[in-house]
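Reader: I have a protein structure to study and I am not sure how to begin. Could you take me through some of its features, one at a time?

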Amino acid sequence: MDSKLDPKLRAIGSTHSFSPLFNAGDDNIGFVSMRKMPRICLLDDIEGVVSIDAGTTYSELCNALRDTSWALPMTAALPHFSVAGAVATGTHGSSGVGPCGRVAISGLADAVVEMKFVGADGETRTVRKGDPEFSFSVVSLGMLGICTHLKLQLVRNFDVEQCVYGSWPAHESHGPTGAELSDALAVLPEAMRSCDAFSLFVDFSVDAPGMLILKRFTPAAAGDASASGEREARKGEKCNSSVGFSPKQRFGKLLLKNDAVYNFIEGDTFETTVKGRWFDQLHVWMKDAAPFGPQGAPELQFEHFVPLRYAKECLERLHLIARSWPGILYAEIRAVRADDQALSPYNASEEDGFDTLAISHGIHSGLGEERVLQAAAIVEDGLSDFNPKPHWGKLSNLTHAKASRMYGPKLEAFRHHVGNIDPEGKFSNPWLDEVILARRS
């Protein structure tokens with residue numbers, strides 16, 4: 001059949017991805033969005049699962065769950081991300097480190113227990129956790145068909161106590177103690193053990209600690225989760241006026257920050273040390289279960305995952321690499337537990353301890369994609385002995401040879417599965433043909 005009459009198809013979510021996963025410069029690709037389909041959100045209160053359509057965003061799902069006794073274990077950082085797109089690209093939140101030394105919370109794909117797809121033949125199929133093919137089906141890069149529905153495992157409702165140390169922008173974060181970047185890196189292991197989730201925002205071109213965000217999950221307020229009166233009164237409550245919430249006043253040389261940060265990252269106000277509900281505090285730009293502020297960043301991003309056990313060495317090396325770079329907006333550092341998905345980029349080997357440190361760079365878009373890719377290549381080369389894996393949805397210099405070294409037999413098994421499900425490559429594109437399928441379009 002003439003390919004012009006039978007174009008390839010790629011599902012799209014929030015279109016936040018920076019990588020060639022979707023367009024790849026091919027005009028003969030049709031894009032399928034589920035955003036205009038009816039929203040579906042069916043809660044099974046007995047099993048603690050929720051079924052949603054693939055067009056649902058995290059903000060819509062959080063709003064649907066806000067007055068229930070259930071919560072998502074983790075969310076994407078930005079609330080406008082579609083759930084289906086986030087899990088398909090290996091997107092993640094963050095986690096602290098438990099007493100056993102393992103990171104506690106995995107990527108967003110880990111909450112998925114069931115997915116429904118429409119294949120190239122128009123037939124629907126359902127894949128459930130425990131099925132032999134499930135480990136290929138969630139972080140699947142959109143290569144297994146058009147996802148139409150998902151089912152997610154929930155956890156019991158919880159609140160979040162958020163403590164912020166240092167400040168932003170990074171050059172204003174020295175504080176009265178004269179803290180430096182090395183001081184932030186020195187306290188990071190202790191900080192990760194003290195919380196349920198964290199983010200460290202730094203600027204490697206500035207010798208300053210940046211801003212450390214620690215989140216501790218606490219049981220939801222007693223009583224009916226839908227009793228909104230008490231909860232309304234607690235939203236945005238400052239921690240230093242919260243009963244039973246006495247945050248540590250400093251981590252090493254990093255001092256507790258109670259004042260809001262203005263013009264944070266993309267330009268809106270970020271509340272620092274606060275106590276709030278899970279659906280507001282797990283995101284950056286959510287308030288009262290509704291998104292606010294900038295949802296599209298004037299930046300280009302690349303991100304790499306390295307084994308957590310080499311965090312100190314990797315971060316010190318990145319400081320040496322990037323300290324003279326112009327145009328850096330920020331670097332965000334988080335941790336992610338490994339999962340059972342074949343193509344999850346946050347999985348390290350057993351020898352390297354399974355779990356990873358995620359290091360994301362936001363670079364001013366005015367520098368252009370070519371220069372940002374050059375910067376990513378320098379990072380990839382500088383961290384090469386730690387086997388850094390790039391985020392599927394962000395810029396990288398990934399080739400099939402590099403992917404094969406990173407994922408080993410798992411990539412070959414995924415390729416075999418794609419061949420069984422979509423032998424004609426209906427849901428691929430030139431970049432995926434080359435990097436994943438090892439063939440030229």
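Author: We shall go through strands, cores, rings and backbone angles in turn. Please keep in mind from the start that this is a predicted model.

Reader: Let me begin with the sheet: in what order do the strands of the open sheet with 5 strands lie?

Author: The general idea is to list the strands as neighbours in space. In this structure the open sheet of 5 strands has the order β3-β4-β8-β6-β7, and its pairing is antiparallel. Because β3 (41-44) and β7 (124-128) stand at the edges and each has a single partner strand, one side of each is left without a neighbour in the sheet. Neighbouring strands of this sheet are turned by 15 degrees against each other on average, direction ignored.

Reader: How many bridges join β6 to β7, and which residue of β7 stands opposite K116?

Author: Strand β6, which covers residues 112-118, is joined to β7 by 5 bridges, and the two run antiparallel. The residue of β7 that stands opposite K116 is T126. A helix belongs to this picture as well, since α1 (residues 58-65) packs on the sheet and touches β3, β4 (49-53) and β8 (146-153). The direction of α1 makes about 45 degrees with that of β3.

Reader: What lies between the strands of the hairpin of β14 and β15?

Author: To read a hairpin, follow one strand, then the turn, then the other strand. Strand β14 (residues 250-251) pairs with β15 in the antiparallel sense over 2 bridges, and F251 stands opposite L254 in β15. There are 2 residues between the strands, and in this hairpin G252 takes a positive phi near 60 degrees. Strand β15 (residues 254-257) also pairs with β10 (residues 158-166), again antiparallel and over 2 bridges. In that pairing, Y165 is placed opposite L256 of β15.

Reader: Which residues touch the most other members of the largest nonpolar core?

Author: The general idea is that, in soluble globular proteins, nonpolar side chains tend to be buried together. The largest nonpolar core here has 78 residues, and those that touch the most other members are Y58, L72, V87, L150, W278, W392 and I436. Taking Y58 as an example, and leaving out residues up to four places away in sequence, its contacts include L72, M74, F81, V87, L108 and H283. There is also a second, separate core of 49 residues, which includes V97, A191, L308 and L383.

Reader: Which aromatic residues do ring pairs link into a cluster, and which charged residue sits over the ring of W70?

Author: To read such features, one looks at where the ring centres lie. The count of aromatic pairs comes to 12, and ring pairs link W168, F201, F264, F270 and Y330 into a cluster. The residue over the ring of W70 is R156, whose charged end sits 3.9 Å from the ring centre. Similarly, K389 lies over the face of Y407, at 4.4 Å from the ring centre.

Reader: W168 was named in that cluster; what kind of peptide bond joins W168 and P169?

Author: Most residues other than glycine have a negative phi, and most peptide bonds are trans. The bond between W168 and P169, however, is cis, with an omega of about 5 degrees. P169 itself lies in the loop between β10 and α4.

Reader: Is L141, with its positive phi, buried or exposed?

Author: L141 is not a glycine, yet it has a positive phi of about 60 degrees, and its place is in the loop between α3 (134-137) and β8. Its relative accessible area is 2%, under the 20% cut-off, so L141 counts as buried. F354, also not a glycine, has a positive phi of about 75 degrees and is found in the loop between β22 (328-336) and β23 (356-364). With a relative accessible area of 33%, F354 is partly exposed.

Reader: Where is G30, and which residues is G30 in contact with beyond its neighbours within four places in sequence?

Author: The idea here is that distance along the chain and distance in space are read separately. G30 is in strand β2 (residues 29-33), and beyond those neighbours it is in contact with P7, K8, L9 and R10. The C-alpha atoms of G30 and A11, which are 19 residues apart along the chain, are separated by 8.6 Å. As another case, S182 in helix α4 (residues 181-193) is 26 residues from A208 in sequence and 7.9 Å from it in space, C-alpha to C-alpha.

Note on methods: Residues are numbered from 1 along each chain as its sequence is written. This is a predicted model: local features need pLDDT of at least 70, side-chain atom pairs count only at pLDDT 80 or more; totals for chains, interfaces and linings use all residues. Side-chain values use heavy atoms; hydrogens and water are left out. Rings of Phe, Tyr and Trp (its six-membered ring) pair if their centres lie within 6.5 Å; planes under 30 degrees apart count as stacked, over 60 as edge-to-face and the rest as tilted. A charge sits over a ring if NZ of Lys or CZ of Arg is within 6 Å of the ring centre and within 35 degrees of the ring normal. A nonpolar core is a set of buried Ala, Val, Leu, Ile, Met, Phe, Trp, Tyr and Cys residues joined through side-chain atoms within 4.5 Å. Buried means under 20% relative accessible area, exposed over 50%, partly exposed in between (1.4 Å probe, protein chains only). Contact means heavy atoms within 4.5 Å. Two strands pair if DSSP finds at least two bridges between them. Helices (H or I, at least four residues) and strands (E, at least two) are DSSP runs, numbered from the N terminus. Axes are lines fitted to C-alpha atoms, for helices over the stretch in contact, and angles run from 0 to 180 degrees between N-to-C directions.
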